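Okay, hi everyone, I'll keep this short. Let me put the structure up and then talk you through it.

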Number of protein chains: 2
Amino acid sequence: MSENQSLFKALADPTRRQILKALKNGSMNAGDLSELFPISKGSLSHHFNLLKKADLVKTRRNGQQIIYSLNTSVFEDVTTLLLDLFKAGENAEDGEQNEI
Amino acid sequence: MSENQSLFKALADPTRRQILKALKNGSMNAGDLSELFPISKGSLSHHFNLLKKADLVKTRRNGQQIIYSLNTSVFEDVTTLLLDLFKAGENAEDGEQNEI
DNA sequence: AGTATATTTTGATATTTGTCAAAATATCAA
DNA sequence: TTGATATTTTGACAAATATCAAAATATACT
C-alpha cells in the first residue's frame, strides 16, 4: 500500500482518530489506552499497528510496557496532501507529483 | 454516519482522491470524468455519491449532463479536524468539541 | 526456573466496501 | 411520441476491515 494510502486509511477509522486525540497531550502505554475504548486489547493492538504503519505514532518500550506517542511531523505531510487535493495552482512540482 | 466520519471515509479511497484532484482546476461532467478511470460508470457514480454525501463536491445539471465541482469550503473543515487531532493546546472549545 | 503482567499475533467471523452488469430514470432531439 | 444519450440505481459478489477469544511472545519478579 502506498504511503499516502496508508495514511488516509489510518485516519478513516473513528477509533484510530480517538487514539490520536488521546495522545495529543502526551504519550500513553497500550494498557492505559485500552481503558479508553470498549474493544478488546487485541483489536486495539491492530489499530496501533495501522497507525504505526502510517507513521502517525511512534513507540518505545519501557519494561513490559509499550509506550505510544504521536508522530507530529506527519501532520505536515497530511496538510500538503490536502492542499494538493483542493487547491488549484498549488500542484506538486513536476517530477515530484504527490501520489494520491 | 457522522459528518466527520463520512468526510474521512470519502478521502480514504484513491479513486475518490483522484476525482477531487481532477476537479481542482475546474468542473467536469460525469462522462468526461469517467474517461479518466478504468472502472464502470456505475462504480464511479457510487464514488460521486460518497463525495457528495461528504460535502466534498457539488453538482448541477446541464441538460443530460451532471456537472461536478469541488466544494472548496470543506477544505477548512478538514484542516480544523486535523488540527484537532494533532495539536496539543488547540482543542475545540468546550461545548463545541469536534466530533472525531 | 517458574509465575505473573503487558502486549501482540493468530484464526475465525460478521460487516463494510468497491466493483460489475443490467435495469431504471432523466433529458434531449427528431 | 419514439429513439438516443447521460447518468444513477439495483442486485450480486469478491475483497478488505474490525472484531473477538485464545495462543504466543516479551519482560519482570521472586
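I'll start with the DNA side and then move to the sheet in chain B.

One thing up front: this is a predicted model. So, what sits around DNA strand C? There are 24 residues surrounding DNA strand C, and the closest are G31(A), Q64(A), Y68(A), S40(B) and H47(B). By class, that surface splits into 12 polar, seven nonpolar and five charged residues. And look at what the protein meets on the DNA: of the strand C atoms within 4 Å of the protein, 78% belong to sugar or phosphate, and the rest to bases.

Now the phosphate contacts. G31(A) uses a polar backbone atom, 2.5 Å from a phosphate oxygen of DNA strand C. With Y68(A) it's a polar side-chain atom, at 2.5 Å from a phosphate oxygen of that strand. H47(B) also has a polar side-chain atom 2.5 Å from a phosphate oxygen of DNA strand C. As for elements giving two or more residues to this surface, chain A has helix 3 (30-34), helix 4 (41-53) and strand 3 (65-70), and chain B has helix 4 (41-53).

Okay, over to the sheet. In chain B, three strands form an open, antiparallel sheet in the order 1-3-2. The edges are strand 1 (28-29) and strand 2 (57-62) of chain B, each pairing on one side only. Strand 1 of chain B pairs with strand 3 over two bridges, and M28(B) has Y68(B) as its bridge partner in strand 3. Helix 2 of chain B, residues 14-23, packs on this sheet and touches strand 1, strand 2 and strand 3; its direction is at about 90 degrees to strand 3 of chain B. Helix 4 of chain B lies across strand 2 and strand 3, at about 120 degrees to strand 2.

Key:
Residues numbered from 1 in each chain as written. Chains lettered and ligands numbered in written order. Predicted model: local features only at pLDDT ≥ 70, side-chain atom pairs only at ≥ 80, totals over all residues. Heavy atoms only, no water. Near = heavy atom within 4 Å. Polar contact = N/O pair within 3.5 Å; in protein donor to acceptor, adjacent residues only side chain to side chain. Helix = DSSP H or I, 4+ residues; strand = E, 2+ residues; numbered from the N terminus. Nonpolar A, V, L, I, M, F, W, Y, C, P; charged D, E, K, R; others polar. Pairing = 2+ DSSP bridges. Contact = heavy atoms within 4.5 Å. Axes fitted to C-alpha atoms, helices over the stretch in contact; angles between N-to-C directions.
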